[in-house]
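Work through the exercises below with the sequence and model at hand. Each task is followed by a stepwise solution.

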Amino acid sequence: MSTMWRVADVVSGVPETETSRTIGLRVAGLDGYLAGQHIDIRLTADDGYTAVRSYSVASARMDEVLEITVDELANGEVSPYLVRDLAVGDQLEIRGPVGGWFVWRPSNPNPVQLIAGGSGVVPLMSMVRAHEESGNPSQFRLLYSLKSPETGFYQDELRTLDRESAKFTVDYVYTRKVPEAWPSLPARLTAETLLANILPADPAPDIFVCGQTVFVETVAEWLVQAGYPAATIKTERFGGTGGTR
Amino acid sequence: MSGNSGAARGSEDPRFEDQDIAGTAGNPISHLDGNAVAGALWELFRFDIIAAIGRCRHCGAVSVVAQASVYSDAPGIVVRCRSCEGVLLRLVETPTRYWLDVSGLSYLQIDREG
């Protein structure tokens, strides 16, 4: 069988936070992708040992170039290299973009609620960008749960969109440290906070939840208990040191 | 993980501590979902199987493959039914071969446009 792996050129690397970086990859023959998809990256050591990890695409609709945002994991095998060492001009082996289920299509007329835990915001940002670029007038709302203001991805862009876009709103939950003059103390997400900061269950929005497994499963359970139809909730889990992501 | 019971929820729930594992209380083995193996399965099947709908042979649950539980911290990939935890699919890759077991799926419904 022929391989699905191909070579991508690193064309940009911009720090997103102290521990993360957005990396631009030029992929010859890249023919579009759906917002929410991811790529697999394969690193091969000199002795032939390989490690494969998945990273969600953050960008939307760029010709032959896509962007991923990688968060460095303590003791990670792949992410420290991608965040600290990889340089513009380097090449990477990639597979994809893949995954045709956790995706938003510009033809979707439904309102959309996005719920991100930490770096789970990455595929949701691709959806936000695709939605902004499209003529689709549907309402998008993002609830972004993060440790502290310093750990937020895409902060300037999200702030600008929140202010200027008539069809996009972002809300934040800070779990460890809040910004100056924030009206509440840091606290982990609760069902009450969740439900107070998302689109109502009627009319049912399409809901995309992405984060670590515990975050995703807890949020999804709260949503179902609150009457959001299970069929409208799409989830994507990621782990740290596992075989993927 | 701590020994906290799975019933505890809310702002003090230690399961929300940031960790590099995806395990939950009472289930320390990390699991992800079908999205995580989209690439590996695409390489093998050459269509987007995670967007397909599958029926579990063990309990009869019908679900999109993307929502099945995936255990990939292993020599291979194990995909389990989210309803009954029965094994739906196993895949092991060697340098020369794929070993594939789909005996836990009684059917797959695949979108022709996918």
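**Exercise 1.** In which sense do β3(A) and β6(A) pair, and over how many bridges?

Solution. First, the ground rules. This is a predicted model: local features need pLDDT of at least 70, side-chain atom pairs count only at pLDDT 80 or more, and totals for chains, interfaces and linings use all residues. Residues are numbered from 1 along each chain as its sequence is written, while chains are lettered from A and ligands numbered from 1 in the order in which they are written.

Strands (E, at least two residues) and helices (H or I, at least four) are DSSP runs, numbered from the N terminus. Two strands pair if DSSP finds at least two bridges between them. β3(A) and β6(A) are antiparallel, with four bridges. Check two positions: I41(A) faces I94(A) of β6(A), and H38(A) stands opposite V98(A).

**Exercise 2.** Place β6(A) in its sheet.

Solution. Start with β1 (residues 6-17) of chain A: four bridges join this strand to β6(A), antiparallel. D9(A) has Q91(A) as its bridge partner there. Now write the order: the open, antiparallel sheet of six strands in chain A runs β4-β3-β6-β1-β2-β5. Its edge strands, β4 and β5 (65-71), each pair on one side only.

**Exercise 3.** Which strands of the chain A sheet does α1(B) touch?

Solution. α1(B) packs on the sheet and touches β3, β4 and β6 of chain A. Contact means C-beta atoms, placed from the backbone, within 7 Å. Next, add chain B: the buried residues of α1(B) also pack against β5 (77-80) and β6 (87-93) of chain B. Buried means 20 or more other C-beta atoms within 10 Å of a residue's own. Six of the eight residues of α1(B) qualify, W42(B) among them.

How values were computed
A residue is buried if 20 or more other C-beta atoms lie within 10 Å of its own, exposed if 12 or fewer, and partly exposed in between; C-beta atoms are placed from the backbone. Two residues are in contact if their C-beta atoms, placed from the backbone, lie within 7 Å. Axes are lines fitted to C-alpha atoms, for helices over the stretch in contact, and angles run from 0 to 180 degrees between N-to-C directions.
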